[in-house]
Amino acid sequence: MADERQSTKGGSRTGARSGARSLAGSAKVNALAELLGDLLEATGLVTSDKLGEARAEAGATGSLVSALAEHGVIPAQRVAEVQAAHFHLPLIVLGEEKISPDAAIAIPIHVLERVVALPYKIAGERLHVAIADPSNVSGVDELKLATHYQIELGVASREEILSEIQRMLRTSETLTVQSAALEDVEVVSEEDLLDDLEADDGISDAPLVRLVNSIIFQGAADEASDIHFMPEEDALVIRYRVDGVLREIQRVPHRMASGVTTRLKVLAKLDIAERRKPQDGRISLNAKTAGRRLDIRVAVLPTVEGECVVMRLIDKSKKAPTLEGLGLAEDMHVELERVVKKPTGALLVTGPTGSGKSTTLYAALHIVAQPEVNVITVEDPVEYRLQGINQVQINTKAGLSFAAVLRSILRADPDIVMVGEIRDSETAKISIEAALTGHMVLSSLHTNDAPSALTRLNEMGVEPFLASAAVSGVLAQRLARRLCTNCAEMYTPSAGDLIGSNVSPDIAAQLDGMAFYRKVGCPRCNHTGYKGRVGIFEFLSMSDELAAYAATKPSHEELRQRAFKMGMRSMWDDGMSKVAQGLTSIEELARVVAT
């Protein structure tokens, strides 16, 4: 009995000490969190109201930094800067660091996800780790217990760390499934392989199915607009189109090519036995790991090396764009908004495929879509879902063409009609008639500049006097890659350098001696020098004088010169203003806009 009492008494003392340490640790964490909150408020980065909300949530989650970052109260980078200064730790910019693969795997990835930390360098017996929240004492202890190295802490933004962890996970998954797929192809027959590929449950564990899923999910996470599966003699080349430019991601061995293509055709509900004719299909996919809901258009084209598959990824979970976010110059923005708010007329957006025409049309709709008006759209495909708007999807197999749907919706009492694209003379005539009979029509055309839109309508059979009377404005646009803000550098090019960048000699002579920014390349922009895109615009506003002139059926060049005299600014001039602001480079502008 005495021994039992002694044991119980000793156990009580041990439990008390453990509880005391736990309470002390908790108190230390709370004190650090309070101190960080006070510091952020003192620097003016967050209001007391927002800080109070974040503190209330941090009471449940245990991390004030997480609460502030997840709600976007202040930028994650600014939180990192404040914490680094307060805790006297180095500020780590992961985009500028060459992350060591050996360091990255020194701590289990599930621990890194939980703590939001990333090892990036090994120096002797020290493991350098970037952490989002150095006040997370228990998290730091967990890192120390997970490795035999001595931990050397630095502070990085939460967004950068999580992004790098996700990249590591995707890379690991891709390598794993590709290796498994290679082994699987070597041991199973083609019939068994097709049986596996037929499983359209979206969660099959067949190695080739997982390989295809990983390629699509990685494309979604990298914000690719298109994924190309290009057959070559010895491999199936996978390429992503990011920011309008294709780049090769990986090469799948040739013996796996038919299996990958078959899986894609199964997902798109296409005929897997037909390999001689082009086919088109669709895939609806929830890319949960990438946080995107995708509608994928699939085009299969037979080539001499096999079937080529091109997938257009349409993110249905994206919020509709706004006119303010397009990057229009202030005067152009005001004029475009004035045209859009007219009760009747037509706004045409022109440019080549992939120049952002649909995005601009949705931004215009965002302004005019009010409960007082009836808005109907006819699109192929419906890229954004907008509340309070009737959106019609084109279905050629069911006889729903642009012209057929347009005739029907004009009987549905619309105030505003958006036609995704004017493709033929019938659609053109109906659209122009609608604009002349009390409707506001928004649509797009494939032309090189703004004045060409009127010329194209004339070629489609619309009389010049009708086109000039119906069209209120034409916006021509291109998308140029935006310079990476992390690595762009200033320089002064010579006239010879500009001519080498496809700038005409006359313009090069005018720009000689001016300071510009140019690409460099860093890990943050995948060493391309560019991250994101910026719009380049040319807006033609139809005044009474210009409409009267256009009704006389002038040539394209005559109409363009008259528009310039009346104040239209060229796409090149708009692009040069963005080059001067450091948004894009002179080489990129010359690539997308002819001088």
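Contact, as the term is used in this tour, means heavy atoms within 4.5 Å. Helices (H or I, at least four residues) and strands (E, at least two) are DSSP runs, numbered from the N terminus. The model is predicted: local features need pLDDT of at least 70, side-chain atom pairs count only at pLDDT 80 or more, and totals for chains, interfaces and linings use all residues. Residues are numbered from 1 along each chain as its sequence is written, and side-chain values use heavy atoms, with hydrogens and water left out.

**Whole chain**

Begin with the entire chain, whose secondary structure comes to 23 helices and 18 strands. Of its 595 residues, 46% are buried (buried: under 20% relative accessible area; exposed: over 50%; partly exposed: in between; 1.4 Å probe, protein chains only). Among contacts between residues at least 6 apart in sequence, 62% join residues at least 24 apart.

**The seven-stranded sheet**

Select next the open sheet of seven strands, which has mixed pairing and the order β12-β11-β13-β14-β10-β15-β18. The edges are held by β12 (390–393) and β18; each has a single partner strand, so one side of each is left without a neighbour in the sheet. Direction ignored, neighbouring strands here are turned by 15 degrees against each other on average. Two strands are said to pair if DSSP finds at least two bridges between them. Ten bridges link β15 and β18 in the antiparallel sense; within β18, Ser541 is the bridge partner of Gly473.

Now add helix α14 (residues 402–409), which lies across β11 (375–379), β12 and β13 (416–419) and runs at about 170 degrees to β11. For such angles, axes are lines fitted to C-alpha atoms, for helices over the stretch in contact, and the values run from 0 to 180 degrees between N-to-C directions.

**Helix α12**

Move to helix α12 (residues 330–340), where Met332, His333, Leu336, Val339 and Val340 are buried. These residues are on the same side of α12 because they cover an arc of only 130 degrees around the axis, the arc being that of the directions from the helix axis to the C-beta atoms. The elements covering the buried residues of α12 include β10 (345–350), β14 (440–445), β15 (471–483) and β18 (530–541), together with the helices α13 (357–368) and α22 (571–580). Rotate to the face turned away from the buried side to find the exposed residues Glu330 and Asp331.

**The three-stranded sheet**

Select the open sheet of three strands, ordered β1-β2-β3 with mixed pairing. Its edge strands, β1 (117–123) and β3 (150–155), each pair on one side only. Neighbouring strands of this sheet are turned by 30 degrees against each other on average, direction ignored. β1 and β2 (residues 126–131) run antiparallel and are joined by six bridges; Leu118 has Ala130 in β2 as its bridge partner.

**Ala106**

Proceed to Ala106, in the loop between α5 (101–104) and α6 (109–115). Ala106 is buried, with a relative accessible area of 19%. Beyond its neighbours within four places in sequence, Ala106 is in contact with Leu127, Ala146, Thr147 and Tyr149. From Ala106 to Tyr149 the separation is 43 residues in sequence and 8.5 Å in space, C-alpha to C-alpha.

**Arg562 and Tyr549**

Finally, select Arg562, which lies over the face of Tyr549 at 4.0 Å from the ring centre. A charge sits over a ring if NZ of Lys or CZ of Arg is within 6 Å of the ring centre and within 35 degrees of the ring normal.
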